[in-house]
Amino acid sequence: MAELTTATAPEEPVAAPAEEAPAAVTPETVALRKVQGVLAKPAAIKTARAMSLFGEHAGGWLAIGAVGALVDRNRRGEWLTAAAGVAAAHAASIAVKRVVRRRRPSDPEVQVLVGTPSKLSFPSSHATSTTAAAVLYGGLAGKKLTPALVPPMMVSRLVLGVHYPSDVVAGSALGGAVAWGVRRFMRRRRNRG
């Protein structure tokens with residue numbers, strides 16, 4: 001009986017993994033670099049990190065809504081509805097992030113100065129929940145909080161290098177839209193009862 005032998009084919013050279021081509025430098029990347037170049041100083045970074053912690057998962061804003069509900073017993077329901085609006089705005093931003101799936105800035109000239117819960121960038125959840133809180137809580141407090149709260153939060157996300165300018169603008173617009181809907185709901189409820 002003849003012996004069976006198997007010949008092995010010569011191994012093909014394995015190609016080295018292709019290096020990723022550097023991302024194109026967009027006008028947004030240039031703007032982000034400029035913001036960091038001008039504003040990313042120790043005091044600003046420290047403040048931006050504190051704002052980031054406060055706004056993480058809308059936690060600080062939800063706490064303010066809970067305090068409002070405890071202190072302002074006559075309008076407890078309105079404060080709770082406003083806080084629910086902030087939570088809804090935050091949830092909407094997360095839903096949009098998961099659909100769009102835009103990656104956070106990764107330019108070698110942009111420093112990432114804070115940790116993030118995900119690698120997704122669009123829209124900024126911090127800008128979304130801050131705008132919703134400013135509109136809703138400002139309405140209850142009888143004060144225009146948006147100019148005082150929203151621009152600093154938007155800029156802080158750029159200083160920290162975790163968002164592009166369009167991320168924070170879109171986040172603020174989304175937060176404003178959700179807040180508008182919640183305020184309209186609150187007005188209708190107030191007029192009915």
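These legends describe close-up views of a predicted model.

**Figure 1. The whole chain, an all-helical run of elements**.
The chain holds 7 helices and 0 strands. From the N terminus on, the order is α-α-α-α-α-α-α. The chain has 193 residues, and 37% of them count as buried. Its accessible surface comes to about 11,800 Å². Carbon and sulfur atoms account for 63% of that surface. Take the contacts between residues at least 6 apart in sequence: 77% of them join residues at least 24 apart.

**Figure 2. Helix α2 and its buried face**.
Helix α2 covers residues 42-55, 14 residues in total. From first C-alpha to last, α2 reaches 20 Å, close to the 20 Å expected at 1.5 Å a residue. I45, A48, S52 and G55 are the buried residues here. Down the axis of α2, the buried residues fall within an arc of 95 degrees, so they line one face of the helix. The spacing has a simple background. An α-helix has 3.6 residues a turn, so residues three or four places apart point the same way. The face turned away from the buried side of α2 carries exposed P42, A43, K46 and L53. Cover for the buried residues of α2 includes α3 (59-71), α5 (125-141) and α6 (146-159). Just after α2 comes H57, with a positive phi of about 55 degrees.

**Figure 3. Helix α3 and its cover**.
α3 has 13 residues. Its span from first C-alpha to last is 18 Å, close to the 18 Å expected at 1.5 Å a residue. G60, W61, G65, G68 and A69 are its buried residues. The elements covering them include α2, α4, α5 and α6.

**Figure 4. Two aromatic pairs**.
The count of aromatic pairs comes to 2. In one, the ring centres of F54 and W61 lie 4.8 Å apart with planes at 90 degrees, so the pair is edge-to-face. F54 has 35% relative accessibility and therefore counts as partly exposed. W61, at 7% relative accessibility, counts as buried. In the pair of W79 and Y137, the ring centres are 5.4 Å apart and the planes stand at 35 degrees, so this pair is tilted. The W79 and Y137 pair links distant parts of the chain: W79 sits in helix α4, Y137 in helix α5, 58 residues apart. Both W79 and Y137 are buried.

**Figure 5. T81 on helix α4**.
T81 belongs to helix α4, residues 76-100. Its relative accessibility is 12%, so T81 counts as buried; the cut-off for buried is under 20%. Which residues does T81 contact, leaving aside neighbours within four places in sequence? They are V182, F185, M186 and R189.

**Figure 6. The largest nonpolar core**.
This core has 18 residues. Which of them touch the most other members? They are V86, L136 and Y137. The elements giving two or more residues to this core are α3, α4, α5 and α7. α5 supplies the largest share, 6 residues. Not counting residues up to four places away in sequence, L136 touches A82, G85, V86, A179, V182 and R183. A second, separate core has 8 residues, including A40, I45, A48 and V159. There is a broader pattern to set beside this view. In soluble globular proteins, nonpolar side chains tend to be buried together.

**Figure 7. Helix α6 and its packing**.
α6 has 14 residues. From its first C-alpha to its last it reaches 20 Å, close to the 20 Å expected at 1.5 Å a residue. The residues buried in α6 are V150, M153, M154, S156, R157, L158 and V159. They pack against α1 (27-39), α2, α5 and α7 (165-192). V159 is also a member of the second core, as are I45 and A48. After α6 comes G161, with a positive phi near 75 degrees.

Terms used. Residues numbered from 1 in each chain as written. Predicted model: local features only at pLDDT ≥ 70, side-chain atom pairs only at ≥ 80, totals over all residues. Heavy atoms only, no water. Helix = DSSP H or I, 4+ residues; strand = E, 2+ residues; numbered from the N terminus. Expected span 1.5 Å × (residues − 1). Buried < 20%, exposed > 50% of the residue type's maximum accessible area, 1.4 Å probe, protein only. Arc of directions from axis to C-beta. Contact = heavy atoms within 4.5 Å. Phe/Tyr/Trp six-rings, centres within 6.5 Å; stacked < 30°, edge-to-face > 60°. Core = buried A, V, L, I, M, F, W, Y, C linked by side-chain atoms within 4.5 Å. Areas by Shrake-Rupley, 256 points an atom, 1.4 Å probe, with all protein chains shown as cover.
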